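Work through the exercises below with the model open. Each task is followed by a solution in steps.

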Amino acid sequence: MNKVAIVGMDGVFPHCKDMQEFEEKLFSNQSLIRNWDLVASYDKKIRTKVAGYATPEETGFQKFSNGLPDEYPMDLEDISGQIPNVNLATSDLGSAWAMKASLGAIKDAGWTKEEVESEETGVVIGTGSGGQEGTRKVWNLFFEHGKKTRALGSSNVSRSMIYRDAANVSCLIKNKGVCEAIGSACATGLGSIGYAYRLIAFGLQDRVIAGGTEGTALETLIGFDAMQVLSTKFSPEESSRPYDKDRNGFVCSFGCGIVALENYDQAKARGANILGVIDGYFNNSDGDGDMFAPSFDGQQRLWTGLKKQTHINPDVVKAHGTSTATGDVVELFSIAAQLGKDGYHVSAPKSQFGHMLGAAGAVEVIVSLLMLKKQMVSPCLNSDNLKTELESFQTKDDWQGPKEPLAAYRNLLPQLALAKPINQIVCLNYGFGGTNSAMAISKD
């Protein structure tokens, strides 16, 4: 198998103008979550009021003046002029972000135009959902306003299809290799990078642009609010609180993370700046038939599969850490069952920017690369008080995991960014349907 290097990265992050500001805020213990005025305008119809969101204007895009009234879907225009209007015409906001971040990652990687446009370059980008804002307006035009189909425009399919993000990036950069979209709920971002890793490891591609994106959409937040799984009752900066005993749900967030992967030997030979090396990737399913509940057994088998691929001795575990009542405890117990109670730390990036859904795993890989760069652990904000009593499932006869409460693992969860030597990080992400993903990343 070929060794795989990460040679470029870029993204779109809530309440940040660029990668530099994202890095600065992460390691100065700042929250990127804020009140969302659009949500507040619906008053009591929506329980939560906070999100980690970004507007088109904040991310370098503006409404393209096409002369159509506001009830029609918005066409975007790149303020910087990097992305032609013809490409944005087939794109929703998440796809626009994916194109922007892909160009940034390619520039960071130092790939030439010839390399990018070759048969040896692939694209693997996915999302949790998308195109919803545009789709809503299109259906309203037809069903509510009685417009004919020819009045709805010709880009609605390309803006709402599952494959839209990968397709738009591929059409922009003109690669001739693999182009695919991986969808595995909240494990999509890490799963896309893992699949791209395999393409290179098995010699099917020399380089791949990979990651996940989740464009800001009120429809997405409404769906999760209806499930009663979003954080309420806290100020924005305190609303995402993984592992804290008072946590009551995750914060719905939006963004994009793209990385450039390359055959390690080729990257080394051309003198590339190697941001990290992927030691191994493994994914599996819980197999218990539950759509939502985490599985200790499934996560243990995930670790076992990763350990069969490579030596695992992480200095940091980048946790999924959503701030949900059940997910957090099962994950932490699963980590402790594999690694013990000391010798490593657990990073919970969602405590700072919320849950970016299909983009989460990819953005959190970028966080992991920044941790390797700065030799600092990003914090687990708001993990103020850990439960001192056992979880109910820990008292059952069939429980095979740790027998101590969450409070016994206080030392693993830094409440502020922490400087320490970091050589290896294990990234974990999980999704609805019992899908689990794990990746080990090391310094070069």
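**Exercise 1. Pair the strands around β6.**

Task: find which strands pair with β6, and in which sense.

Solution. Start with β8: β6 and β8 are joined by six bridges and run parallel. Two strands count as paired if DSSP finds at least two bridges between them. Strands themselves are DSSP E runs of at least two residues, helices are H or I runs of at least four, and both are numbered from the N terminus. Take one bridge as a check: G122 has V208 in β8 as its partner. Now turn to β7, which is parallel to β6 and shares two bridges with it. Here V123 faces C179 of β7.

The model is predicted: local features need pLDDT of at least 70, side-chain atom pairs count only at pLDDT 80 or more, and totals for chains, interfaces and linings use all residues. Residues are numbered from 1 along each chain as its sequence is written, and side-chain values use heavy atoms, leaving out hydrogens and water.

**Exercise 2. Judge the cover of β6.**

Task: decide whether the residues on the two faces of β6 are buried or exposed.

Solution. Recall the general rule first: side chains in a regular strand alternate between the two sheet faces. On one side of β6 lie T121, V123 and I125, and on the other G122, V124 and G126; all are buried. Buried means under 20% relative accessible area, exposed over 50%, and partly exposed in between, with a 1.4 Å probe and protein chains only. The count agrees: six of the six residues of β6 are buried. Then zoom in on T121, which belongs to β6. T121 counts as buried because its relative accessibility is 0%. Beyond neighbours within four places in sequence, its contacts (heavy atoms within 4.5 Å) include E115, N175, V178 and R207.

**Exercise 3. Lay out the sheet.**

Task: give the strand order and name the edge strands.

Solution. The sheet is open, has 10 strands and is mixed in its pairing. Its order is β7-β6-β8-β9-β1-β10-β16-β15-β11-β12. The edges are β7 (179-180) and β12 (345-347), each pairing on one side only. Helix α4 (residues 93-109) packs on this sheet and touches β1, β6, β8 and β9; its direction makes about 135° with that of β1. Helix α8 (residues 164-173) also packs on the sheet, against β6, β7 and β8, at about 150° to the direction of β6.

Next, examine β1 (residues 4-12). Nine of its nine residues are buried, so the rest of the structure largely encloses β1. β1 pairs antiparallel with β9 over eight bridges. Two pairs illustrate this: G11 is opposite G257, and A5 is opposite E262. β1 is also antiparallel to β10, through three bridges. There V4 stands opposite I278.

**Exercise 4. Describe a helix pair.**

Task: state how α9 (residues 188-201) and α15 (residues 360-374) pack.

Solution. The angle is about 70° and the axes are 4 Å apart. That makes α9 roughly perpendicular to α15. Angles of 65 to 115 degrees count as roughly perpendicular, under 35 as roughly parallel, over 145 as roughly antiparallel, and the rest as oblique. Axes are lines fitted to C-alpha atoms, for helices over the stretch in contact, and angles run from 0 to 180 degrees between N-to-C directions. G189, L190 and I193 of α9 meet G361, A362 and V365 of α15.
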